Amino acid sequence: MASICPSTAMSHILFSYLLLFFSCYYMSSCSKPVYGAEAREGFHSTPVSALLPKNKCSVPAGESSRGGLRITPKYGPCSRSGHTQPPSSHEILGRDEHRAGFINSRFNQYTPQNWMDHGRTQTKLFGEDGNFLVDVGFGTPPQQFKLILDTGSSITWIQCKPCVSCLPAARFDPSGSSTYSNGSCISTVGQHGYEVGYGDNSTSHGIFGCDTLSLEPSDVFQKFQFGCGINNQGDFGSGVDGMMGLGRGQLSTVSQTAPKFNKVFSYCLPKEDSIGSLFFGEKATSLSSSLKFTKLVSHPDSEFYFVNLLGISVGNRRLNIPSSVFAKSGTIIDSGTVITRLPQPVYSKLKAAFKKTMKKYPRSNRKPEKGDILDTCYDLSGTKEVLLPEIVLHFGEGTDVRLTGTGIIWGNDPSHLCLSFAGNSFGWDSNLAIIGNRQQVSMTVLYDIQGGRIGFGGNGCS
């Protein structure tokens with residue numbers, strides 16, 4: 001039997017340990033996503049080009065990968081409204097600030113007079129003109145219209161003939177429908193007309209009408225009450241015919257279709273180069289197994305969807321923020337607000353943590369314009385890939401929404417890419433938080449109103 005001297009045995013053992021060490025090292029690097037040499041948990045290496053708007057639609061015309069009602073971006077290469085070139089970021093975010101201002105005024109965080117003193121125009125009802133469109137039919141036979149999808153309002157309205165003052169968009173012809181009738185078809189709603197105003201000074205005035213609503217061939221609803229706009233002014237944008245209200249009010253599409261859909265709907269809001277989907281009822285519920293849910297929170301203003309936001313993490317580190325800060329005024333999930341607004345003390349901590357993780361990258365030297373709401377911007381024009389921290393929104397019931405890439409960055413110029421969150425600028429004492437659509441893009445978001453919950457899931461548009 002062969003013998004091995006002690007020194008040779010020790011050499012073999014040492015060699016084996018070294019081989020095991022390096023094998024484990026390389027295998028462990030393969031067992032998790034690798035984001036470059038500096039990558040670590042809670043960070044993602046992202047090509048700068050992936051943060052910029054695309055100029056080509058990735059979905060062939062007429063195709064929708066998931067079925068349901070197609071959601072198209074109002075702006076960009078997949079737009080069907082004629083807005084292939086979007087307004088400037090400054091214009092979009094200016095309108096967004098109007099909407100956030102109105103939502104704050106709704107909860108007495110900022111009085112209308114103070115709002116005007118804050119440098120914004122007073123409005124009657126709402127704000128911002130919406131970024132996502134769906135096609136629906138009204139009447140018999142159906143007349144087709146492109147409507148802005150809005151979870152923050154309840155009235156669904158379209159332009160109608162004859163018009164006193166109408167925008168350059170499609171108009172519903174009541175005489176062309178065999179099922180149309182004037183007035184209310186909901187006994188608890190008066191016969192009077194409606195009047196809605198928006199944050200960019202756009203308005204729609206008209207009467208109530210009742211007719212058939214066609215969402216899909218299998219989803220047709222008789223005696224649907226909607227606003228028939230005969231005096232409409234402002235800039236909803238060419239190719240936009242009206243508004244689909246998905247709020248919690250009695251007149252919303254959600255409430256009026258409840259006998260069939262049980263107040264359940266879901267959407268995936270698409271990127272500018274893609275197509276999303278809107279589902280109702282069982283079609284929406286079929287997605288629920290892959291989602292994480294948090295409770296809907298009761299609130300005196302029943303039109304909005306409130307949830308319980310408990311905290312925020314940046315780069316795998318939770319910010320030191322008492323959950324009571326969010327609980328004071330609540331948190332809204334809103335499809336019409338673009339940029340997520342946070343209570344100012346919360347945003348200050350988020351910004352500080354984000355800047356700390358991004359300290360190796362140069363700040364943008366572009367001079368701020370009046371009214372700019374994004375104040376943490378970087379010049380990444382000389383960078384191919386950027387190591388971005390993951391931002392996590394921690395909701396009740398252990399539901400975490402993880403944001404990366406365009407979910408945390410806004411901009412169309414690599415020399416000026418900004419953190420896509422803002423402080424609630426309507427007074428330091430305002431603790432209202434609004435989760436905007438920038439942070440919802442490409443997710444499945446499911447609203448189960450009767451079940452009292454909202455669900456979130458990734459890769460919803462694919």
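Is E397 buried, exposed or partly exposed? Keep that question in mind while touring this model, which is predicted; the answer comes at the third stop.

**First stop: strand β2**

Select residues 69–73, which make up strand β2; four of these five residues are buried, so the strand is largely enclosed by the rest of the structure. Now add residues 276–280, strand β12, which pairs with β2 in the antiparallel sense over three bridges, and look for L69, whose bridge partner in β12 is L278. Then add residues 132–138, strand β3, which also pairs with β2 in the antiparallel sense, over three bridges; here T72 of the pairing stands opposite L133 in β3. Strands of a sheet pair through backbone hydrogen bonds, either parallel or antiparallel.

**Second stop: two cis peptide bonds**

From β3, move on to P141, which lies in the loop between β3 and β4 (143–150), and inspect the peptide bond that reaches P141 from T140, which is cis with omega near -5°. Next select P162, in the loop between β5 (157–159) and β6 (181–182), where the peptide bond from K161 to P162 is cis, with omega near -10°. Most residues other than glycine have a negative phi, and most peptide bonds are trans.

**Third stop: an open sheet and its loops**

Select β16, β15, β21 and β22, four strands that in this order form an open sheet with antiparallel pairing. Its edge strands, each pairing on one side only, are β16 (317–318) and β22 (400–403). Within the sheet, five bridges join β15 (residues 309–314) to β21 (residues 391–395), and V314 stands opposite I391 in β21. Adding residues 344–357 shows helix α8, which lies across β15 and β21 and runs at about 20° to β15.

Two loops of this sheet deserve a closer look. In the loop between β15 and β16 is N316, which has a positive phi of about 75° although it is not a glycine, and which is partly exposed, with a relative accessible area of 48%. In the loop between β21 and β22 is E397, likewise not a glycine, with a positive phi of about 65°. The opening question can now be answered: at 48% relative accessibility, E397 counts as partly exposed, because that class lies between the cut-offs of 20% and 50%.

**Last stop: a cavity**

Finally, select L393, F395, V401, I435, Q439, Q440, M443 and F456, which line the largest cavity. A search of the whole structure finds one cavity of 30 Å³ or more, and the volume of the largest cavity is about 30 Å³. Its lining divides into six nonpolar residues, two polar and no charged.

Definitions and conventions: Residues are numbered from 1 along each chain as its sequence is written. This is a predicted model: local features need pLDDT of at least 70, side-chain atom pairs count only at pLDDT 80 or more; totals for chains, interfaces and linings use all residues. Side-chain values use heavy atoms; hydrogens and water are left out. Buried means under 20% relative accessible area, exposed over 50%, partly exposed in between (1.4 Å probe, protein chains only). Two strands pair if DSSP finds at least two bridges between them. On a 1 Å grid over the protein atoms alone, a cavity is a set of points where a 1.4 Å probe fits but cannot get out, and a pocket is an open set with protein on both sides within 12 Å along at least five of seven lines; lining residues have an atom within 4 Å of a point. Grid points are joined across faces, edges and corners, and a volume is the space filled by probe spheres set on the points. Ala, Val, Leu, Ile, Met, Phe, Trp, Tyr, Cys and Pro count as nonpolar, Asp, Glu, Lys and Arg as charged, and the others, Gly among them, as polar. Contact means heavy atoms within 4.5 Å. Axes are lines fitted to C-alpha atoms, for helices over the stretch in contact, and angles run from 0 to 180 degrees between N-to-C directions.
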